[in-house]
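Subject: Structure handover

Hello,

Here is the structure I said I would pass on. My notes on what was found in it follow below.

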Amino acid sequence: MTNRAAALTPTRLARGTVLAAATLTIMAAAIIAPSLPAMREVFAGTPGSGLLVRLALTVTSLAIAISAPLSGIFADRVGRRPLLLTGLVLYAITGTAGFFVSDLSLLLVTRAGLGLAVGGIMTAVSTLITDWFEGPGRASFLGLQQAFASLGGVVFLPLAGLLATVNWQAPFWMYSASAIVAVFATVSLREPPRSDPTVREDQRARLPGRIIGVYVLALVATLVFYMAPTQLPFLLEGFGSGPAAIGAVVAGSTLTSVAGALAFPRLRKRLNSTAITTVSVALLGAGWLVIGTAGTVVQVVAGLLVGGFGVGFVVPNLNLRLAEFAGPAQRGRVLSGLVTGIFLGQFLSPLVVQPLIQTIGIDGAFTSTGIAMATGAALAALLSKRKEAR
C-alpha cells in the first residue's frame with residue numbers, strides 16, 4: 001500500500017462519523033414540516049403568512065443552493081475536514097436558534113443560516129467519500145451515504161411530529177445532535193493529502209454540458225420529490241391527520257429511499273447510469289400519481305413508498321457520475337454543484353407548485369406531476385433504445 005493510499009484509508013470511526021453527518025443533510029429543512037399547520041395559525045396575523053410559513057422550510061434550501069459552490073471552493077482550497085467541522089457547529093447553533101425566536105422574519109434568518117451549514121456538511125461528506133474510495137467501493141459507500149441521509153428522515157421526521165404535538169417549536173432542539181457529531185469528527189477525521197498545485201489549474205476549466213445536465217436532472221427530481229414535506233401536511237390535514245401522523249407518513253418516503261440507496265450498488269452492476277435514472281424517474285412519477293388519486297391515507301402512504309424507493313437511486317447515481325467526471329483537485333467544486341441542484345429544487349418546489357395547487361388543488365398537482373414524470377421516463381427509455389439501435 002502506498003503512503004498516499006494509507007493516508008486516504010478511513011478508520012471505522014471516521015466512516016461512521018461521516019455517515020452520521022450524512023443523516024443531518026437531506027431532510028434538515030423538513031424537520032419542521034409537521035409544525036407547518038400550527039405555524040400557519042401562530043403567524044396568521046403576518047401578511048403573506050401562508051407562503052412565508054412554507055418558505056420557513058424551504059429558505060434553508062435556497063441558502064444551501066447559493067452557498068454550496070463556495071463550500072466546494074473551500075473544500076478544494078482549504079480542506080474537507082475544516083469545512084465539515086465548521087458546518088456541524090453552525091448547524092447546531094442556527095438550527096436550535098429557531099426554538100427561541102417568535103418573529104417570522106427572524107425565524108427565516110436562522111433557517112437561512114442552517115442552510116449555510118448544510119451546504120458545507122453535504123459538500124464535505126460527498127467529497128471525503130469520493131476521495132476515500134474508487135470503483136465498486138465508491139458506489140457502495142455513496143449508496144450508504146444516501147441510505148443514512150434518508151434514514152435521518154425516517155428517524156427525525158416521526159420524532160419531530162411527536163414533538164410538534166407538544167409545542168410547534170420543540171422540533172428545533174433536534175438540530176443539537178450536530179454538536180455530538182462534531183465531537184466525533186474532531187477526533188476521528190484526518191485531512192486527505194492535498195493535490196499537486198499544478199493539477200489545480202483544471203479547476204478553472206469550464207464545466208462540460210453533461211455535468212450541467214446532471215445538475216438540472218437533480219433539480220427537477222428534487223423539486224417534484226419535495227412536494228412530500230411541503231404539500232402533504234396540508235393534504236393529510238384534509239384527511240383528519242394530526243402532526244404526529246403527518247410526520248410518520250412523510251417519513252415513509254425516506255424509509256423506502258433507504259432501501260433504494262442500499263440496493264443501488266447491486267443495481268449499478270446491472271444497469272448503466274442512464275437506465276438507473278429512467279427507472280428512478282418512472283418510480284417517482286408512479287408514486288405521485290397514486291398520491292394524487294388517493295382516497296385514503298393508506299393509498300397516500302403507498303404512493304410515498306413507491307416514489308421514495310425511486311428517489312433512493314437518484315443521489316448516489318448522480319454523485320457517482322460526477323465523481324467520474326471530476327479529478328481530485330476539482331472534486332469539491334463539481335460535487336457542490338449537485339448540492340446546489342438538489343436544494344434549489346427544494347426551494348423552488350412550493351413556488352413552482354403553488355400556482356398549480358391554486359388551479360387544480362393539491363391532489364391534482366400530485367396527479368399532473370406524476371403523469372409528467374412518468375411520461376418523461378417513457379420518452380427517455382424510448383430515446384435510449386433508439387440510440388442503442390443505431
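The accessible surface of the chain amounts to about 15,600 Å², and carbon and sulfur atoms account for 67% of that area. Please keep in mind that this is a predicted model. Of the 390 residues in the chain, 55% count as buried. As for charge, the chain carries 27 positive side chains and 13 negative ones. The centres of these two sets are 7 Å apart.

Overall fold

The secondary structure consists of 14 helices and zero strands. In sequence order the pattern is therefore α-α-α-α-α-α-α-α-α-α-α-α-α-α, and the chain is as compact as a globular protein of its length, because its radius of gyration of 20 Å is close to the 21 Å that the globule rule gives for 390 residues. The C-alpha trace spans about 60 × 55 × 35 Å along its principal axes. If we take the contacts between residues at least 6 apart in sequence, 86% of them join residues at least 24 apart.

Positions in the helices

Four residues are worth a look, taken here in sequence order.

Alanine 21 belongs to helix H2, which covers residues 12-22. Is alanine 21 buried or exposed? Its relative accessibility is 0%, so alanine 21 counts as buried, the cut-off being under 20%. Leaving aside residues up to four places away in sequence, alanine 21 touches Leu84, Leu88, Ile121, Val125 and Val181. Alanine 124 is 103 residues away from alanine 21 in sequence, yet the two C-alpha atoms are 9.6 Å apart in space.

Leucine 57 sits in helix H4, residues 49-77. With a relative accessible area of 0%, leucine 57 is buried as well. Which residues does leucine 57 touch, not counting those up to four places away in sequence? They are Ala29, Ala30, Ile32, Ala33, Leu36, Arg111, Tyr226, Pro229 and Thr230. One of them, isoleucine 32, is 25 residues from leucine 57 along the sequence, with 6.8 Å between the C-alpha atoms.

Arginine 80 is part of helix H5, residues 80-97. At 3% relative accessibility, arginine 80 also counts as buried. Its C-alpha atom is separated by 9.8 Å from that of aspartate 131, a residue 51 places apart from arginine 80 along the chain.

Leucine 379 lies in helix H14, which covers residues 331-389. Leucine 379 has a relative accessible area of 47%, so it is partly exposed: the value is neither under 20% nor over 50%. Leucine 379 and threonine 278 are 101 residues apart in sequence, and their C-alpha atoms are 9.2 Å apart.

Aromatic residues

How many aromatic pairs does a search of the whole structure find? The search gives eleven. Tryptophan 132 and phenylalanine 133 form an aromatic pair, with 6.3 Å from centre to centre and 85 degrees between the planes. An angle over 60 degrees counts as edge-to-face, so this pair is edge-to-face. Tryptophan 132 is buried, at a relative accessible area of 12%. Phenylalanine 133 counts as buried too, at 17% relative accessibility. Both values fall under the 20% cut-off. There is also an aromatic cluster, made up of Tyr91, Trp168, Phe172 and Tyr175.

Regards

Note on methods: Residues numbered from 1 in each chain as written. Predicted model: local features only at pLDDT ≥ 70, side-chain atom pairs only at ≥ 80, totals over all residues. Heavy atoms only, no water. Helix = DSSP H or I, 4+ residues; strand = E, 2+ residues; numbered from the N terminus. Rg over C-alpha atoms; globule rule 2.2 N^0.38 Å. Buried < 20%, exposed > 50% of the residue type's maximum accessible area, 1.4 Å probe, protein only. Contact = heavy atoms within 4.5 Å. Areas by Shrake-Rupley, 256 points an atom, 1.4 Å probe, with all protein chains shown as cover. Lys, Arg positive; Asp, Glu negative; His and termini not counted. Charge placed at Lys NZ, Arg CZ, Asp CG, Glu CD. Phe/Tyr/Trp six-rings, centres within 6.5 Å; stacked < 30°, edge-to-face > 60°.
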